[in-house]
Every structure is written in C-alpha cells, then in structure tokens.
Number of protein chains: 2
Amino acid sequence: MTAEPVSMTDVRELVDGALRAAVGRLDPRTYRVAAYHFGWTDKEGRPHKAPAGKALRPALALLSARAAVAPQESALPGAVAVELTHAFSLLHDDIMDGDRTRRHRPAAWTVFGEAPAILAGDALLALAGEVLLEAPGQGSARAARALAAATRRLIAGQALDMDFETQRRISLDECVSMASDKTAALLACSCSIGAVLDGASEALSGALEAFGADLGIAFQLADDLLGIWGDPAATGKPALSDLRSRKMSLPVVAALNSDTPEASQLADLYGRPARSGEELSEAELAETAALVEAAGGRAWAEMEAESRIQRAAEHLITAKLPEPVRTGFLHIADFVTSRDH
Amino acid sequence: MTAEPVSMTDVRELVDGALRAAVGRLDPRTYRVAAYHFGWTDKEGRPHKAPAGKALRPALALLSARAAVAPQESALPGAVAVELTHAFSLLHDDIMDGDRTRRHRPAAWTVFGEAPAILAGDALLALAGEVLLEAPGQGSARAARALAAATRRLIAGQALDMDFETQRRISLDECVSMASDKTAALLACSCSIGAVLDGASEALSGALEAFGADLGIAFQLADDLLGIWGDPAATGKPALSDLRSRKMSLPVVAALNSDTPEASQLADLYGRPARSGEELSEAELAETAALVEAAGGRAWAEMEAESRIQRAAEHLITAKLPEPVRTGFLHIADFVTSRDH
C-alpha cells in the first residue's frame, strides 16, 4: 500500500495489464472490435498506441480499496469491471446516438459495422460481471450486485436521455435525474467498489457512493460546460458541439427553465423536435450559446458543480478516510472539474 | 417437491410471476420494449396475450434444482436469469440479423427502433446477473459466474455465425462449434443452474451441464431441419426459410462438406457471398433442399440429433438422478427433438 495519491499514469499502467488479460478471453472476432475501441489496435488489428482514456473510474476504484485500508491491488478486478462497463456503454451509446467519433478516432461501429459493435458491447458487459465474480474474497458477489444495479441505472439514464430528443419541455429535476443515472451511478459504484470487494461496512461504502454520486453530477456539469464553451483543441470536438446536436444538456435545460425573456428566445431557437433535421447556422449557434449564458444556464452549472464538489468532499469527511486517500479522491475531483472551459 | 415431471404450462405459470417482477424493475421506457418482446403488452403498451415462448430454459432450470433434491422453487432466480439472458440474445440477434419477425409478431426493433431495442437487451442482460446474485443461498455467485461464462460463449457463437456469412468454406467442426457456443452453452447452463444455486457438487453440476450441451446441439439440429423441411403452419416461417436467407445451418454445411457430386452443385447454387443480394427462385430453393438431402445433409443431421440425445441421456445415468427428474429431462429432450419436420 502506497501512501501517495495515485497518479493517473500509474493507474493506467496498473490496470492496463489486468484489463488486457480480461478482454483477451473474448473470442477473436469480438476481441478485435474491443481492442480497437480501447485503442490497443488499429482497424486492421495491428498493435497501435492511441491516446488512452482518462482511466477515471479505475483510479477511483483503486482509491476506494485504500479507503477500506486494503491494498489498492485488491481492487483490480473492480477497476477492470467498471472500465469494462464504461466501455460497453460507450460502444452502444455511439451506435444509438449516431456518434461517429470517439477519442479522436472513428467510433468502432463505423469501422466494423453496427452488429459487431453491438456484440462487442454485450461481451464487455458480461465480462465485467465475470471478472468481478472471480475476485477472491468475500465481497465479490456484493460488488457484482452493486455493479449490476449501477448498470441498470446507466441504461435507464440513456433511455431517458434518448427520450429527451422527442420532448418539448424537460424540467431541471428530470435532467439532473437523468445525469444521476447515466453518469453518476457508475462513478458512485467506482468510488465504492474496492471497499465493497474488501467487505467494508455499509457505512463506509455508502459514504463513498455518496461521494461518487455528487462527483458524478459535477463531472457531467463540467462535461456539459465543455460541450458548449470548451476549447476544440482540448475537447477534440468542434466548438459549440453540444449545441450543434441540440443536446438537452444541464446548462441548456437550466436556461430553458429560467424565468427570463432569454429562456423563451432560446426555446424558440433551439426548439425541437419541431425543427429537427434543420441545422443551426454558425450565427444561430453563437446566439444560442449567448442566450444560455444570459439566461443564467452557465452560471448555474458552474455554481452547481462547485456545490456538488463541496458536498462530495463532506461525504469524505463523514467517511473518516486516511488522509492520503482523502487527498487522492479530492485530487481526482479537482482534475474532473477543472478542465479548461 | 413434486414427483411428477414438470409440464410446460406449469413452468410458464410458476416462472411468469417472477419474470414479470424482475422486468418490472426496469425504467418505464426500457420496460415497454421488454414487455412487448415477452408478449405481455402490445405496441401501445396495452395488456396483451401473445402466444408465450416455450419456456424451455426455465423448465430445465427448475428440473435441475430437483436433480439436486432441492425444491424446484429454489431455482426460480435461475429460471428467470436464463430466460432474461435468452431474451437479451433474441432482442439483439434480431437487430444484427435484420430479422423482422419474432414469434409471429413484428420484432421489437421494428416497432420501437434499433436504439431502444439495443438498450432493452442490455437491460435484460444486466438484470439476469442482478436477479441471480440476489438469490438466497450459497450458490448464487457460482451460478452468476456460470451464467456470465455461458453468455460469453453465446456471444462468441453469434460472432462466428455472422462471420460465416462472409466465408466461402466452413468445416462441419466449425459449424458444430458455433452451435455449441451460440445455442448449447446457455442450455447447458440452464440444465445445471438450479443445482448450482443449491450448492451441488461439481460432479452433479458437470453431468447436468454435459446433458445440456448435447441436448443443445440436438436442439439446434432439430431447429435447422425445421428451417428447411418444417411445415410453415407449425414453424410460422415460410417453407425453406433458412435456405432463402442462405443460412449456413448444420444440414447445409454437412452436405457441402460431403464428398459427393451434389456437394459441388450445392456450393455452386448456394455459393455466397459471391452472389449475395441475388435471391434464389422457388425452383432453385426446391433444388437446393433436394441437393442437401441427396448429399446426405438431412440424414446426417437426423442421425446426429439422435446420437446427441442418446449421449445426453447417458450423462443423466452418470448423474444418478431421482427417477422422476430423469424422466422430466428426457421428456423435454423428446419435446425438443420430436417437433414435426
């Protein structure tokens, strides 16, 4: 057990071997799609080094073992399982949302076809459960159950998000609840899975989950802010990208629900599904962003993110964590929310 | 514990409540698609009574509890989990294979769209694991692990099957191995899951799995025979339906691999992907069926099915099952293979 906060690079290295070993069990056809998705191979299956993902969930999983004063290595099956579940959801979401790019590369379904990408997602989801259940120790079944429940919420969140596309009016509560299912549930599970694997008390695992739930909303808020005001060079997406796809993100929904004149102008401009199919011009996109800001959507999202991080930190105090572990979690919270926007 | 072999109607009734309770946990959007798929509701979500599936896997799961001299009710979570996994695979396979009809009704993806059907399949897969892990008793984690491994094989089988569509030459071994993964793995899991939940010995669960593995191949052979020579009134599919879709089914692959003049005529007529897109005429379809038969594909499939059932029955003798349980398993084996073709 190291005393230092885990660095993201260390996590990636520690988890990568276990992740590759797990994915290596898949049949060669499904493996090919999964390995491409993880950035280990190119389209032809040749070794490749794509910029790796942030390994945020594995980092949280390893820290959560240390929260239970267990060696971080004991959480490796948990770290692998949450990363597999995350990968499953990205593979399927990209198909469902028609997103053609993932981490600056063509999304797997555009390369291999929809059917193989559906199947690879299925395989990673099943594998996540299998890896967890093979973990030694008393907590593996409890961890697998928690992950399955988080997956159910993740799916419910995606279903609600897709439904938003056909709705005229979405309340801010609905939108927060969607993010809470789609994004925060798996992060909450990641923050507690190492402790659960170690057989931690419900009090400890509950506090870690609560930390992750608030962190997850803060993460989504930060992401949504980046989706509008993020620097294309940093995000890898075009400027104002979430507005182009008329995404009902948190700042937009907050703005639409504000009791301001800008809210109705925004509703008029952004209003879907009435005008779906029609693309917003560059001028309209800039106007939309300005309206979201003028209606208070940006300020609300920034404040709410801060307040969620504050609340998240309070859960860590309740949990009475060892100091370096608490610092580690806060370091990640900082990383998550301080991205440039 | 009843002494009589389980009737399929009893099984459906016993399992239906538990299955509905499990699926009832899903969010309303995902539930809607799943309930339609199970035949509980129509497209608009109104109660509906579609002809139910065979409940073959749940029936095997309940029997497998009795094989371990446990009450059949103790296997209910297992029965629900295998049925959920089967439903997941049907939902996704129909999308991947472009099949528009399922149990005489429009397939779910044609009614709700691909994305909601992908998501519903995901939800049922995650739910299967969750239901099993909530089962009381020592065996639940072992059962969940076995189910996850079976799911991995099911996926590998589907991946191989899709690959067959682009291959010129498939060996009979490859084709049997595909069926063994795609069809037999989940049946083998169903035949042992009740015993595993009860903490049965590896010897007993292994014998039950071996029974299910042979039963599964026999089941696929019977299905493939029906797909060519089945009565449309009974199968609900057009005559010669598997030949229309140029499916590389076991009788066809056996015929293609026979060292007969008919084999090359068949390869010429059926040869894909060279002519894919082109439909076979009714006359060509009849000729294809005749060639498969003349090349020995039909006779081989019939004999192989019988021999698999024979081997399956031997595993039951090894397992030293209570007589009514053995009879129950054989009753199902008979049901599976004696369908009209």
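**Notebook: where α7(A) meets α6(B)**

I started with the helix pair across the chains: α7(A) goes past α6(B) in a left-handed crossing. Worth remembering that I'm looking at a predicted model.

Next I pulled the geometry. Helix α7 of chain A covers residues 140-164 and helix α6 of chain B covers residues 114-134. Their axes come within 9 Å and cross at roughly 160°. Anything over 145 degrees counts as roughly antiparallel, so that is how I've logged α7(A) and α6(B) relative to each other.

Then I listed who touches whom. On the α7(A) side I noted, among them, A:Ala141, A:Ala144, A:Arg145, A:Ala148, A:Arg152, A:Ile155 and A:Met162. Across from them in α6(B) I found residues including B:Ala115, B:Leu119, B:Asp122, B:Ala126, B:Glu130 and B:Leu133. I sorted this helix contact by class and got 13 nonpolar, three polar and five charged residues.

I zoomed out to the whole interface. Chain A and chain B put in 33 residues each. For the chain B side, I checked which helices supply at least two residues: α2 (28-38), α4 (76-97), α6 and α7 (140-164) each do. The largest share there belongs to α7(B), with 15 residues. By class, I have that side of chain B down as 19 nonpolar, six polar and eight charged residues.

Last, I looked up the confidence numbers. The predictor gives the complex an ipTM of 0.93 and a pTM of 0.94. For chain A, I noted an average pLDDT of 92, with 95% of the residues scoring at least 70.

Definitions and conventions: Residues are numbered from 1 along each chain as its sequence is written. Chains are lettered from A and ligands numbered from 1 in the order in which they are written. This is a predicted model: local features need pLDDT of at least 70, side-chain atom pairs count only at pLDDT 80 or more; totals for chains, interfaces and linings use all residues. Axes are lines fitted to C-alpha atoms, for helices over the stretch in contact, and angles run from 0 to 180 degrees between N-to-C directions. Helices (H or I, at least four residues) and strands (E, at least two) are DSSP runs, numbered from the N terminus. Angles under 35 degrees count as roughly parallel, over 145 as roughly antiparallel, 65 to 115 as roughly perpendicular and the rest as oblique. A crossing is left-handed if the near helix is turned anticlockwise from the far one by less than a right angle, and right-handed if clockwise. Two residues are in contact if their C-beta atoms, placed from the backbone, lie within 7 Å. Ala, Val, Leu, Ile, Met, Phe, Trp, Tyr, Cys and Pro count as nonpolar, Asp, Glu, Lys and Arg as charged, and the others, Gly among them, as polar. pLDDT is the predictor's confidence in each residue, from 0 to 100.
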